[in-house]
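Student: Could you take me closely through one part of this model, and then place that part in its wider setting? I would like a careful account that I can follow with the structure open.

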Amino acid sequence: MLGAPATCIPETSPVPVPSPVRESALRPERPGQALVVEEPLALDCGVALGPYTIAYQTYGRLDPERANAILVCHALTGDQYAAGRHPVTGKPGWWETLVGPGKVLDTERYFLICANVLGGCMGSTGPLEPNPRTGKPWGLGFPVITVADMVRAQVKLIDHLGIESLFCVTGGSMGGMQVLQWAASFPERVFAAVPIATAARHSAQNIAFHEVGRQAIMADPNWAQGNYHELGRRPERGLAVARMAAHITYLSEPALHRKFGRNLQDRDQLTYGFDADFQVENYLRHQGISFVERFDANSYLYITRACDYFDLAAEHGGVLANAFRGTRTRFCSISFTSDWLYPTAENRAIVHALNAVAANVSFVEIATDKGHDAFLLEEPEFFATLRGFLDGCARHRGLAVP
Amino acid sequence: MSADGSLGSVDRPAHLRGDLRLVAEIIEPGSRVLDIGCGEGELLAFLAQHKGVDGRGMELSQSGVNAGVRHGLSVIQGDADHDLEDYPSDAFDYVVLSQTLPATRRPRQVIEHLVRIGRRAIVSFPNFGHWRIRLRLLLDGRMPVTPVLSQVWYETPNIHLCTITDFVALCEETRVVIERSVTLDGAGLPYRLNPRGTLANLLAEQALFVLRGGRN
């Protein structure tokens, strides 16, 4: 069912539709489904945004009891194409390692939903999409959105799919923030939550890195105060630099050293100039250039801002534990030893808050040198842990476990 | 845990370590249990399967935690010294600390947390007052190595060894109520001795105490 274009909702079953919504076709270059919600969404910033579109993909089949749905939340630069061939890059989906038949997020057992976040640039409403009032791209006229806003929009999608309670909500990095927001705001709709390599609030260091990225974009003359679409330009250099800086934070020093060391790029000696003498330079340049092909610069500004504003404790009187008081959700928090962007201590703070309300929580730190990116990569111990946790939850949920 | 990694071997209580078998007998069906130093979760798996217990585990070793979670148990990586203070009072019916007390940095605070977090705490530990240990120290002048305390001094994680009499004194000092006490031999089988007597302190290789806070 990978990449299947249609949802597998039985047509005869009643689908609760709380507000006027309709399925819509996306542009041909972005296959998949889209939901248009007419009723405006009350954003944290005070703006009522609507109508708005949620572009999404589903994998697998929803069981008749509607009990086997897993919502997969993507990270900063991810999108709804978690598995299968990506329509823009032609590469495998960002969680191809985990999503598929027989894999940990088994599409033969579970119904997976992955939606492009609000503010994204792969079909969901964001600064790239036209403002209905002007017909031109929103640009900086788009309201600032938060992680909570992203989740509110996802709730409309889950309602539309007729799912009362999600079996699991999972995701890494910013996806993990959405998981925490779901668990805090809609605990009765989340049976199990797996926040991976994430934090309950963005640290000063993480805000600082995001600011470097945003400044790089805004320093590009082609950015033109965000109006580049109208002028037929793109701030490619700025966005590429933003990606290069961010990409370093996704890796680790040992991983970079193992991969590149001080190896030279297609040459035997230093050039005494500013070409990419070193392989690591060439690699980063490539990362930057390939990123601008698939990502919108304004979207990058908005989504990094949403991460920066994320502080789950602040919504609950400054005490993170209050966000989870009375929760019956089963949690599994996972961190990676070499992740210095969302280090184990940040993930452990979530676990401590859950302990403080005697929540059902597991916590595993996976030993790896692959840095923050480890959550996207082949990590057998991570996979075995997640599989075991999901199987345990499935038994409690009454789902069949092979 | 068996070679194939399954927890099938713990279906029969006979396969649980001696003191854990006793713990499993004490715990009432349907209780909420926190097992500190749960290893790979043998006790929790047994309790979940046979007593319908809502169990949580805490374990220091990464391999132990991962094995527990892999088998569907709720286990966090953590240790008694650092990760108990977050839990609210009376969060569990039983908090189990089996053979882990001598490895903690601050045993007194740990005991106080145990009886705060749990309505009951079940603590088992090796008795450093056992006659063989005393004799080894007296005759050889070397740190004793016994079947219960099997590691040499430079390899053991135990930094706060105590005798049964020491433990009883600590309970009195911290106003922790001893509800039940059992002396055990090396294999963890119960012994007919008054655990608070000097004879128990000499003859028992291990002890198991059921405690509660002095507040109620």
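Tutor: Ala24(B) is found in helix 1 of chain B, helices being DSSP runs of H or I with at least four residues and strands E runs with at least two, both numbered from the N terminus. The model is a predicted one, in which local features need pLDDT of at least 70 and side-chain atom pairs count only at pLDDT 80 or more, while totals for chains, interfaces and linings use all residues. Residues are numbered from 1 along each chain as its sequence is written, and chains are lettered from A and ligands numbered from 1 in the order of writing.

Ala24(B) has 19 other C-beta atoms within 10 Å and is therefore partly exposed (20 or more would be buried, 12 or fewer exposed). The C-alpha atom of Ala24(B) is separated by 38 Å from that of Asp140(B), which lies 116 residues away along the chain.

The helix that holds Ala24(B) packs against a neighbour: the axes of helix 1 (residues 18-26) and helix 2 (residues 42-51) of chain B come within 11 Å and cross at roughly 30°, with angles taken from 0 to 180 degrees between N-to-C directions. Helix 1 and helix 2 of chain B are therefore roughly parallel to each other (under 35 degrees; over 145 is roughly antiparallel, 65 to 115 roughly perpendicular, the rest oblique). Their crossing is right-handed, the near helix being turned clockwise from the far one by less than a right angle. On the side of helix 1 of chain B, Ala24(B) is joined by Leu20(B) and Val23(B), and these residues meet Glu42(B), Leu43(B), Phe46(B) and Leu47(B) of helix 2 of chain B (C-beta atoms within 7 Å). By class, this contact between helix 1 and helix 2 of chain B has six nonpolar residues, no polar ones and one charged (Asp, Glu, Lys and Arg are charged; Ala, Val, Leu, Ile, Met, Phe, Trp, Tyr, Cys and Pro nonpolar; the others, Gly among them, polar).

Moving out to the partner chain, 15 residues of chain B are in contact with 22 residues of chain A. The elements giving two or more residues to that side of chain B are helix 3 (62-70) and strand 3 (74-77) of chain B, and helix 3 of chain B gives the most, with five residues. The side of chain B that touches chain A divides into seven nonpolar, six polar and two charged residues.

Chain A is itself divided, by an automatic or database assignment, into domain 1 (21-203 + 315-397) and domain 2 (206-304), and 26 Å separate their centres, taken over C-alpha atoms. In the contact of these domains, 28 residues of domain 1 of chain A meet 22 residues of domain 2 of chain A. The side of domain 1 of chain A that touches domain 2 of chain A has 13 nonpolar, 11 polar and four charged residues.

Chain A also offers a helix pair to set beside the one that holds Ala24(B). The axes of helix 3 (residues 204-219) and helix 4 (residues 236-250) of chain A come within 7 Å and cross at roughly 165°, and helix 3 and helix 4 of chain A are therefore roughly antiparallel to each other. Helix 3 of chain A passes helix 4 of chain A in a right-handed crossing. The residues in contact there include Phe209(A) and Val212(A) of helix 3 of chain A, and Leu239(A) and Val241(A) of helix 4 of chain A. This contact of helix 3 with helix 4 of chain A divides into 11 nonpolar, three polar and no charged residues.

How values were computed:
Two residues are in contact if their C-beta atoms, placed from the backbone, lie within 7 Å.
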